[in-house]
Amino acid sequence: MSVKGMADILPEESWKWEKIRSLFLENARRFGYKLIETPIVEYADLFIRGIGDGTDIVDKQMYLFNDKKGKRLVLRPEGTASAVRSFIEHKCSSELLHKWCYFGPMYRYERPQKGRMRQFHQAGIEAFGVDDPALDAEQIILAYGLIRSLGIESVKILLNSIGCSACRPGWQNALVDYFREYHQELCDNCKRRLDINPLRILDCKVQRCSEIAKDAPSGRDHFCSSCSTHHNKLKKYLSNINIAFEDDPMLVRGLDYYTKTVFEITTDKLGSQSALVAGGRYNNLVKSLGGKDNPATGWAMGIERIFLLSDIEHTSEKTVYFIALDKPSKIVLFKLFASTAKKRSCLFDYKGGSIKSQLRRANVAGAQICVIMGENERVTGTLLIKDMKEKKQKLIKIDEFGEIL
Ligand code: HAM
């Protein structure tokens with residue numbers, strides 16, 4: 001049994017996985033994002049400081065363990081803090097715009113259900129160095145275009161700003177005043193959130209909490225001019241290129257590092273696991289993790305959710321299947337197989353046996369062409385070529401083989 005919430009990717013479906021990954025990398029590279037790989041294991045402190053105490057991820061979901069020297073390590077629950085750690089560690093210049101992308105497994109101890117796993121995969125992008133709403137717009141366009149190219153329709157882009165360290169405290173105070181009035185009716189989690197991070201109450205899924213949250217004060221009444229302008233410009237950039245979005249003043253995120261823009265691309269086809277992509281701006285994170293002041297923004301896409309919804313088609317290369325009917329033919333045919341496999345997808349039937357059983361296996365393997373050699377073919381220097389789709393066969397000279405491929 002595999003560990004609960006952690007799944008195998010079997011050969012029958014790995015083509016789809018590979019295709020999603022390569023479409024992601026292709027789309028990201030077109031916008032100038034270059035691939036980085038960071039370790040799966042990081043120091044726990046990175047996420048505690050990065051994502052924030054009091055968030056579900058840090059409080060309940062991290063896979064924590066001590067190494068042999070007692071260092072507190074964690075299986076990474078997300079990619080942003082790791083990217084920031086790497087950005088600082090490698091002293092990347094704050095003069096330049098750095099655009100990074102990644103694809104890999106993340107770990108969160110959550111209750112598994114459709115579209116929610118304990119080992120899941122994210123494709124993500126992060127850009128460091130610019131506080132420009134046009135860059136936020138670019139990232140949303142990239143995510144949306146990718147989703148469409150994966151054959152996923154009817155998604156919604158939800159957009160909000162959650163302000164910055166200058167104006168958010170005013171909004172938080174207004175939220176605390178408002179929710180205090182309903183203190184007795186809030187769930188236990190939200191009672192705690194009221195002291196630690198009142199914004200998170202806006203995201204509570206408990207029915208009574210979300211009813212109360214509907215009339216909570218909006219951040220829009222508290223934003224500084226920099227945050228308001230940023231948000232309005234972002235909306236303009238998106239509208240100008242006809243990207244439809246919903247401006248949702250109640251949208252907040254479960255991670256504490258965001259400033260200004262937050263967004264999600266959602267579906268109604270996966271029940272409560274509706275977010276396919278989520279992200280936003282995090283202008284203070286590089287500094288708070290020990291780097292220079294450097295604005296940044298990014299998103300991550302949940303690959304398991306994309307996998308469930310994407311209807312991309314399998315376009316496999318034609319496989320050539322080699323069938324030898326006796327031992328001397330196997331030696332001759334194996335040579336042809338080895339040279340063909342340098343340029344084409346090939347399979348050799350090592351199990352052998354009758355032509356019928358070998359053809360059956362060729363069929364199961366999805367082979368398009370079978371190359372058959374028995375005693376007759378060997379002594380006459382020929383090959384029997386069987387087209388599995390057309391169900392036709394013909395005898396050719398061995399030296400004509402290159403032409404039929
Ligand atoms: P997040 O909202 O925690 O953000 O995760 C991003 C996406 O990962 C979600 O929208 C969802 O598609 C997927 N996801 C999250 N948890 C699971 C799970 N247990 N099973 C399956 N899929 C899951 C982040 O992780 C941020 N680092 C995003 C970001 C990047 N913000 C800025 N840059």
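These are legends for several close-up views of a predicted model of a protein chain with a ligand. Residues are numbered from 1 along each chain as its sequence is written, and side-chain values use heavy atoms, with hydrogens and water left out. Because the model is predicted, local features need pLDDT of at least 70 and side-chain atom pairs count only at pLDDT 80 or more, while totals for chains, interfaces and linings use all residues.

**View 1. The whole chain, for orientation.**
The protein chain carries 15 helices and 16 strands; helices (H or I, at least four residues) and strands (E, at least two) are DSSP runs, numbered from the N terminus. Its radius of gyration is 28 Å, well over the 22 Å that the globule rule gives for 405 residues, so the chain is more spread out than a compact globule. That radius is taken over C-alpha atoms, and the globule rule is 2.2 Å times the number of residues to the power 0.38. Along the principal axes, the C-alpha atoms fill a box of roughly 90 × 50 × 45 Å. Of the 405 residues, 50% count as buried (buried means under 20% relative accessible area, exposed over 50%, partly exposed in between, with a 1.4 Å probe and protein chains only). The chain exposes about 20,600 Å², and carbon and sulfur atoms supply 51% of that. Accessible areas come from the Shrake-Rupley method with a 1.4 Å probe; for residues, only the protein chains shown count as cover. Take the contacts (heavy atoms within 4.5 Å) between residues at least 6 apart in sequence: 68% of them join residues at least 24 apart.

**View 2. The shell around the ligand.**
Here 26 residues surround the ligand, and the closest are Glu78, Thr80, Glu110, Arg253 and Tyr258. A residue makes the list if one of its heavy atoms lies within 4 Å of the ligand. By type, the shell splits into 12 nonpolar, 7 polar and 7 charged residues. For that split, Ala, Val, Leu, Ile, Met, Phe, Trp, Tyr, Cys and Pro count as nonpolar, Asp, Glu, Lys and Arg as charged, and the others, Gly among them, as polar. Strands E6 (119–128), E10 (275–281) and E11 (296–302) each chip in at least two shell residues. E10 gives the largest share, with 6 residues.

**View 3. Polar contacts to ligand nitrogen.**
The cut-off for a polar contact is a pair of N or O atoms within 3.5 Å; within protein, one must be able to donate a hydrogen and the other to accept it, and residues adjacent in sequence count only if both atoms are side-chain atoms. Thr80 puts a polar side-chain atom 2.8 Å from a nitrogen atom of the ligand. With Met117, a polar backbone atom sits 2.8 Å from a ligand nitrogen. Gly298 also joins through its backbone, with an N or O atom 3.5 Å from a nitrogen atom of the ligand. Taken alone, the ligand exposes 660 Å², and the protein buries 96% of that.

**View 4. Three residues of helix H5.**
Tyr144 belongs to helix H5 (residues 133–149), as do Asp136 and Leu135. Leu135 is buried at 6% relative accessible area, and Asp136 is buried at 2%. Tyr144 counts as partly exposed, at 21% relative accessibility. Leaving aside neighbours within four places in sequence, Leu135 is in contact with Tyr33, Leu97, Lys99, Ala127, Val130, Arg281 and Thr297. With the same kind of neighbours left out, Asp136 touches His230, Leu234, Thr261, Arg281 and Thr297. Tyr144's partners beyond four places in sequence are Val155, Ile157, Ile243 and Ile265. From Tyr144 to Val155 it's 11 residues in sequence and 8.7 Å in space, C-alpha to C-alpha.

**View 5. Two loop residues with positive phi.**
Ser154 lies in the loop between H5 and strand E7 (156–161), and has a positive phi of about 45° although it is not a glycine. Asn242, also not a glycine, has a positive phi of about 60°. Look for Asn242 in the loop between helix H9 (225–240) and strand E8 (246–247); it is exposed, with a relative accessible area of 72%.

**View 6. Gly374 in its loop.**
Gly374 lies between strand E14 (369–373) and helix H14 (375–380), and counts as buried at 3% relative accessibility. Not counting residues up to four places away in sequence, Gly374 touches Leu325, Asp326 and Ser329. Gly374 and Leu325 are 49 residues apart in sequence, yet 4.6 Å apart in space, C-alpha to C-alpha.
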